[in-house]
Every structure is written in C-alpha cells, then in structure tokens.
Amino acid sequence: MERIKQRRVWLFALLGILALGCVVAAVFFLRSRAADIDVSDIEIRTAYGDDVTAAEDICYRPGEKDTNCYMDVAYQQTGEAKPLMVCVHGGSWTSGQRSELNSFLYTFSAEGYVVATIDYDLHPDTTLMGEVECVSDAVSYLVANAETYEIDSSNVVILGDSAGAQLALRFAEEYAADPEQYDFTITAAIDIFGPTDLEHLIYYCEGDTLTYFIEHPEIVDGTEDSDVITEIHKFDVISNISDDMMPVLIVHGTEDSTVPMTISDRFYKALQEAGIEVQYERIVGMTHSVQNDKLIPVCDAFLDEYVK
C-alpha cells in the first residue's frame, strides 16, 4: 500500500513537471511567433541607384540661423506620388548625423519610397522636446513640398534608431493623439533599439549621458525646478502611448549592450496591452548598430505588410 502511494506521488510530480514544461514551451513559442517576421528579398544598396534623384543639404527650417536642421532626400522621378519615409539618427540626443542612415536612404529610394534622412538641433542647443519639434518640422516641410518630391502625404513612415527612434516614436505619439492638426497621415512607425522606457533605462545607464538628463529635468522642455520623473514621463515613449497609434515595428539586437533588450520587451508588452498593432523582431547577434544585414530586410517585410 505504501509503495502504491509513493508511486502516485511520483506520478503526480512527473505530471506537474511535464505540465510546467508545456507552459514554458508555449510561452517561448508564442514569444518566438510574435517576433517572427517573414523577411523579404531586398538588395541593400551602398549608393544611390542610377534612377534615383538626390537632393542634399536641404534646410527644413529655412531662414533660421545657426540651425542643424538639414536633410537629404532621395526618390525616383516617376510623376507619381510615393510613400514618404523619414529617418531619424541616434546619438544620445547630443551627437550623431544623418549619414549614419544612408543605407536606408539608398535602399528604400530604389524601392519606390521618397526617403529623407534628417539632422536636428542637439542638446545643449535645444531641449529634448525641442528635438521632437525638429522631427515634426521636417515632416511638415516635406509634405508642404509634396509636389516637388512626389510625396503621397497620406502614406508617411517614421523611422529612427536609438535616441532617434525615441524622437521618432514620441512624435508619432503626438500625431496619433491629435491627427486632425496635421495635413499628412503616418501609417507606420519603426523603432530600432530605441530607449522607449527612460525610467527603466535610468537604472541601466547610471553614470552615462542619461544621468545628466535626470539631474537636469529642465532639459526635457525647459521647465526648471520640476520633479525629475514627471519631466521624464513627458518625454518618455512608453508613458505616452495613444490608443490610436499606427502599427509599430520594434527591432532589437540580442547583443545590444547600450540599450537593454528588456526595454523593447516592455514597450512591446505595453503596445499589446493598448491594442496597438505591433511586430517585434529580435535579431540574434545584432549589437547597438544599424550595420546589420538582417535589419533592412526586416523593415522591408514590415513595410510590405502595412504601407505598400
């Protein structure tokens, strides 16, 4: 009798272990499926295509002195309106340049997009919300010149990497919260390893550039003597998700030692909980760099689904 009881105990323990294993496997499978995007075939270009027209060093705040607000624009002159892609570079809000995203400029202009890579005023010459305004002004300038650049203003994609992703997504949120005030439509947004959860990043980047931001909350929008967390939340992407947000692609590398992948994990979960269409691709081996041969194909596959 005692032996039968022991066998039952072992049987129930074994069944429990198997059940737990099934749950873990299911979670892993769902996470993998959530990150699984069919990667399309696309040639990653390193120069302008022969059929691409390039307009470089365009000031999108004309008449303004001592500004960093310049852009390069590339497109195929076909006489037909095309989707607009605006690319925002990273650099901890204090550095970086638009040429870092030239692979997007060269590749997607050859794929039928009007592509603009933008520079913007950097801290300490402006506040962080001032940088978001630069992104907004760049898009508005392009749409105001839609006829010149053959832009379809009802089909705008906003993309950024690192701090540029944070700026691009924060602008996309402002648009989604009140789209009626804009004369264009943002149809998709791409976040490439963006620090979209700044409060979470504070603890990861202790002693880095962000620590200075935390100690000086007036950097966010110029308001002095403010509560640090309140100011950070004004600028934070995860704190300002709109219910009407456009579809979002999140891309993060498993070897990123600058912005932890847990930040994108948290952002992905927050978008899901808000009912936003979101795809999340974790690229194995990718570091905190846009120089990865899987990055552009992943973006292209997402755009094929939501834009073209």
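**View 1. Helix α10 lies across three strands of this predicted model.** The three strands are β6 (186-192), β7 and β8. Relative to β8, α10 runs at about 165°.

**View 2. Strands β7 and β8 sit side by side in the parallel sense.** Here you can follow β7 (residues 248-253) and β8 as they pair over 6 bridges. The chain gets from β7 to β8 by way of helix α10 (residues 261-273), and this β-α-β crossover is right-handed. For a landmark, look for His252, whose bridge partner in β8 is Arg282.

**View 3. Strand β8 is mostly covered.** Is β8 buried or exposed? Of the 6 residues in this strand (residues 278-283), 6 are buried. Both faces are covered: one side carries Val278, Tyr280 and Arg282, while Gln279, Glu281 and Ile283 are on the other.

**View 4. The wider sheet is an open one, built from 8 strands.** Reading across, the order is β1-β2-β4-β3-β5-β6-β7-β8, with mixed pairing. Which strands are at the edges? They are β1 (53-59) and β8, each of which pairs on one side only. On average, neighbouring strands are turned by 15° against each other, direction ignored.

**View 5. Strands β3 and β5 run parallel within this model.** Strand β3 (residues 82-88) is joined to β5 (residues 151-161) by 6 bridges. A handy pair to find is Cys87 with its bridge partner in β5, Leu159.

**View 6. Helix α2 is mostly covered.** All along residues 102-110, the count is 9 buried out of 9. Among them are Asn102, Phe104, Tyr106 and Phe108. What covers these buried residues? The surroundings include the strands β2 (70-75), β3, β4 (114-118), β5 and β6, together with helix α11 (295-306). After α2 comes Gly112, which has a positive phi, near 105°.

**View 7. Helices α3 and α5 cross at roughly 70°.** The axes of α3 (residues 128-144) and α5 (residues 163-177) come within 9 Å. Angles of 65 to 115 degrees count as roughly perpendicular, so α3 is roughly perpendicular to α5. On the α3 side, the contact is made by Leu128, Met129, Glu131, Val132, Val135, Ser136 and Val139. Helix α5 contributes Leu167, Arg170, Phe171 and Glu174. Sorted by class, this contact has 7 nonpolar, 1 polar and 3 charged residues. As a reading aid, an α-helix has 3.6 residues a turn, so residues three or four places apart point the same way.

Conventions. Residues are numbered from 1 along each chain as its sequence is written. This is a predicted model: local features need pLDDT of at least 70, side-chain atom pairs count only at pLDDT 80 or more; totals for chains, interfaces and linings use all residues. Side-chain values use heavy atoms; hydrogens and water are left out. Buried means under 20% relative accessible area, exposed over 50%, partly exposed in between (1.4 Å probe, protein chains only). Helices (H or I, at least four residues) and strands (E, at least two) are DSSP runs, numbered from the N terminus. Two strands pair if DSSP finds at least two bridges between them. A crossover is right-handed if, with the strands pointing away from the viewer, the path from the first strand over the helix to the second runs clockwise. Axes are lines fitted to C-alpha atoms, for helices over the stretch in contact, and angles run from 0 to 180 degrees between N-to-C directions. Angles under 35 degrees count as roughly parallel, over 145 as roughly antiparallel, 65 to 115 as roughly perpendicular and the rest as oblique. Contact means heavy atoms within 4.5 Å. Ala, Val, Leu, Ile, Met, Phe, Trp, Tyr, Cys and Pro count as nonpolar, Asp, Glu, Lys and Arg as charged, and the others, Gly among them, as polar.
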